[in-house]
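The following exercises concern a single protein chain. Each consists of a task and a solution worked in steps.

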Amino acid sequence: MKKEVLISIKGEQDFENMDKDSSELVTRGTLYEKGNAIYIVYEESELTGMPDTRTTIRVRSDSINVLRTGKFPSNMLFEEKKQHISLYNTPYGPLTLTVNTDKIESNLTMEKGGDLSVYYSLGLDHNYIGKNQLKINVKEYNAEEI
């Protein structure tokens, strides 16, 4: 069963030799369960700099996978205490990122939605560039709240 949900996404970046930066997006999307995973799906827009792109976040007990399809495809895998290499397409061109996940926290359920947090560091072309946090809140969509 698919549910229409309200998704709040907050990203925080702490790159070397730069001020901390954060961004926040609130959008409608879909929440559903398939196999042993919960999926969060939403459309990117001009506001995120990735128009014509769909983001699917697969949440499993031991990993988070962020898959973007469309104009700016990418695939990032997060597993605690593991390193993964990702090709990340941006409006400015593709980047090869090294993702080192420090911690994943999740209380996400199909019934209530919930919170998901990922703490990780990034490398660009195998050089450390900074620490990041991704925090996502999912709750049932209520048109009166917007």
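**Exercise 1. Overall architecture**

In what order do the elements of the protein chain run from the N terminus on? Characterise also the extent and burial of the chain.

Solution. The model is a predicted one.

Step 1. Read from the N terminus, the elements give the order β-β-β-β-β-β-β-β-β-β. The count is ten strands and zero helices.

Step 2. The radius of gyration is 15 Å, close to the 15 Å that the globule rule gives for 146 residues, so the chain is as compact as a globular protein of that length.

Step 3. Along the principal axes, the C-alpha atoms fill a box of roughly 45 × 30 × 25 Å.

Step 4. Of the 146 residues, 42% are buried. Among contacts between residues at least 6 apart in sequence, 33% join residues at least 24 apart.

**Exercise 2. Two hairpins**

Describe how S5 is connected to S6, and S7 to S8, and state the sense of each pairing.

Solution.

Step 1. S5 and S6 run antiparallel and are joined by five bridges. Three residues lie between these two strands, which form a hairpin. Within this pairing, Ile-64 stands opposite Phe-78 of S6.

Step 2. S7 and S8 also pair in the antiparallel sense, over eight bridges. The hairpin that joins S7 to S8 passes through two residues. Thr-90 has Gly-93 in S8 as its bridge partner.

Step 3. Which side chains of S6 point to the buried face, and which to the other? Ser-74, Met-76 and Phe-78 point to one face and are buried. Asn-75 and Leu-77 point to the other face and are not buried. The side chains therefore alternate along S6, with residues under 20% relative accessible area on one face.

**Exercise 3. Surroundings of two strand residues**

Classify Leu-67 and Lys-34 by accessibility, and place each in the chain.

Solution.

Step 1. Leu-67 belongs to strand S5. Its relative accessible area is 32%, so Leu-67 is partly exposed.

Step 2. Beyond its neighbours within four places in sequence, Leu-67 is in contact with Arg-54, Thr-55, Thr-56, Ser-74 and Asn-75. Of these, Ser-74 is buried, whereas Asn-75 is not.

Step 3. Leu-67 and Thr-109 are 42 residues apart in sequence, and their C-alpha atoms are 20 Å apart in space.

Step 4. Lys-34 is found in strand S2. With a relative accessible area of 56%, Lys-34 lies over the 50% cut-off and is therefore exposed.

Step 5. Between the C-alpha atoms of Lys-34 and Lys-81, the separation is 26 Å, for a distance of 47 residues along the chain.

**Exercise 4. The largest pocket**

What is the volume of the largest pocket, and which residues and elements contribute to its lining?

Solution.

Step 1. The volume of the largest pocket is about 1000 Å³.

Step 2. The lining comprises 35 residues, and those closest to the centre of the pocket are Gln-13, Ser-23, Met-50, Arg-68 and Tyr-88.

Step 3. The elements that give two or more residues to this lining are S1 (3-15), S2 (21-34), S5 (64-70), S6 (74-78), S7 (83-90), S8 (93-106), S9 (114-124) and S10 (127-140). Both strands of the S5 and S6 hairpin and both strands of the S7 and S8 hairpin are thus included in this list.

Step 4. By residue class, the lining divides into 21 nonpolar, nine polar and five charged residues.

Technical notes
Residues are numbered from 1 along each chain as its sequence is written. This is a predicted model: local features need pLDDT of at least 70, side-chain atom pairs count only at pLDDT 80 or more; totals for chains, interfaces and linings use all residues. Side-chain values use heavy atoms; hydrogens and water are left out. On a 1 Å grid over the protein atoms alone, a cavity is a set of points where a 1.4 Å probe fits but cannot get out, and a pocket is an open set with protein on both sides within 12 Å along at least five of seven lines; lining residues have an atom within 4 Å of a point. Grid points are joined across faces, edges and corners, and a volume is the space filled by probe spheres set on the points. Helices (H or I, at least four residues) and strands (E, at least two) are DSSP runs, numbered from the N terminus. Ala, Val, Leu, Ile, Met, Phe, Trp, Tyr, Cys and Pro count as nonpolar, Asp, Glu, Lys and Arg as charged, and the others, Gly among them, as polar. Two strands pair if DSSP finds at least two bridges between them. Buried means under 20% relative accessible area, exposed over 50%, partly exposed in between (1.4 Å probe, protein chains only). Contact means heavy atoms within 4.5 Å. The radius of gyration is taken over C-alpha atoms; the globule rule is 2.2 Å times the number of residues to the power 0.38.
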